[in-house]
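Please read the following points with the model open beside you, and look up each residue as it is named. The note is written for someone new to reading structures, and it takes one topic at a time.

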Amino acid sequence: SWQTLKIFDVFGNEVATLVNEYKPTGRYEIEFQTSMAKRQLSSGIYYYQLRIGSQVQTRKMVFQK
């Protein structure tokens, strides 16, 4: 199914899109590097959102430099 993995700041602004493509069933790992972001990230709380088909899951993460 189509999969999307995005990172958001605490204000809901999109920081980065890590995945936006069709992937077959399986297990995947994605490495998030701050250089992939539109701007330099500061330490703090961010959210990641995973969409797989019609399912959506949002979780909190802490980024420390």
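1. The structure, which is a predicted model, holds 1 aromatic pair. Its members are Tyr-46 and Phe-63, whose rings are arranged edge-to-face, with 6.4 Å from centre to centre and 80° between the planes. The angle is what decides the label, because planes over 60 degrees apart count as edge-to-face. The pair also links distant parts of the chain, since Tyr-46 belongs to strand β3 (residues 44-52) and Phe-63 to strand β4, with the two residues 17 apart. Tyr-46 has a relative accessible area of 6% and is therefore buried, the cut-off for that word being under 20%.

2. A second ring worth inspecting is that of Tyr-28, because Lys-23 lies over its face, at 4.4 Å from the ring centre. Is Lys-23 buried or exposed? With a relative accessibility of 14%, Lys-23 counts as buried. The side chain of Lys-23 also meets that of Glu-21 in a salt bridge, at 3.3 Å from N to O, and Glu-21 is partly exposed, with a relative accessible area of 37%.

3. How many salt bridges does the structure hold? There are 2 of them, and one is the Lys-23 and Glu-21 bridge described above. Another joins the side chains of Glu-14 and Lys-6, with a distance of 3.5 Å from N to O. Glu-14 is partly exposed at 27% relative accessible area, and Lys-6 is likewise partly exposed, with a value of 23%.

4. Strand β1 deserves a careful look, because 6 of its 8 residues are buried, so that it is largely enclosed by the rest of the structure. β1 pairs with strand β2 (residues 14-22) in the antiparallel sense, over 7 bridges, and within this pairing Gln-3 stands opposite Glu-21 in β2. β1 also pairs with β3, again in the antiparallel sense and over 7 bridges, and here Leu-5 has Leu-50 of β3 as its bridge partner. In the hairpin formed by β1 and β2, there are 4 residues between the strands, and Gly-12 takes a positive phi near 90°.

5. Thr-4 shows how a single residue fits into this arrangement, as it is found in strand β1 (residues 2-9). Thr-4 counts as buried, because its relative accessibility is 11% and the limit for buried is under 20%. Which residues does Thr-4 contact, leaving aside its neighbours within four places in sequence? They are Val-19, Asn-20, Gln-49, Leu-50 and Arg-51. With Asn-20 there is also a polar contact between the side chains, at 3.4 Å.

6. Lys-65 offers a case from another part of the chain, in the segment after β4 (55-63). Lys-65 is exposed, because its relative accessible area is 67% and exposed means over 50%. Even so, when residues up to four places away in sequence are not counted, Lys-65 touches Gln-40, Leu-41, Ser-42 and Ser-43. As a check on distances in the model, Lys-65 and Thr-25 are 40 residues apart in sequence and 33 Å apart in space, taken from C-alpha to C-alpha.

Key: Residues are numbered from 1 along each chain as its sequence is written. This is a predicted model: local features need pLDDT of at least 70, side-chain atom pairs count only at pLDDT 80 or more; totals for chains, interfaces and linings use all residues. Side-chain values use heavy atoms; hydrogens and water are left out. Buried means under 20% relative accessible area, exposed over 50%, partly exposed in between (1.4 Å probe, protein chains only). Contact means heavy atoms within 4.5 Å. Rings of Phe, Tyr and Trp (its six-membered ring) pair if their centres lie within 6.5 Å; planes under 30 degrees apart count as stacked, over 60 as edge-to-face and the rest as tilted. A charge sits over a ring if NZ of Lys or CZ of Arg is within 6 Å of the ring centre and within 35 degrees of the ring normal. A polar contact is a pair of N or O atoms within 3.5 Å; within protein, one must be able to donate a hydrogen and the other to accept it, and residues adjacent in sequence count only if both atoms are side-chain atoms. A salt bridge is a side-chain nitrogen of Lys or Arg within 4 Å of a carboxyl oxygen of Asp or Glu. Two strands pair if DSSP finds at least two bridges between them.
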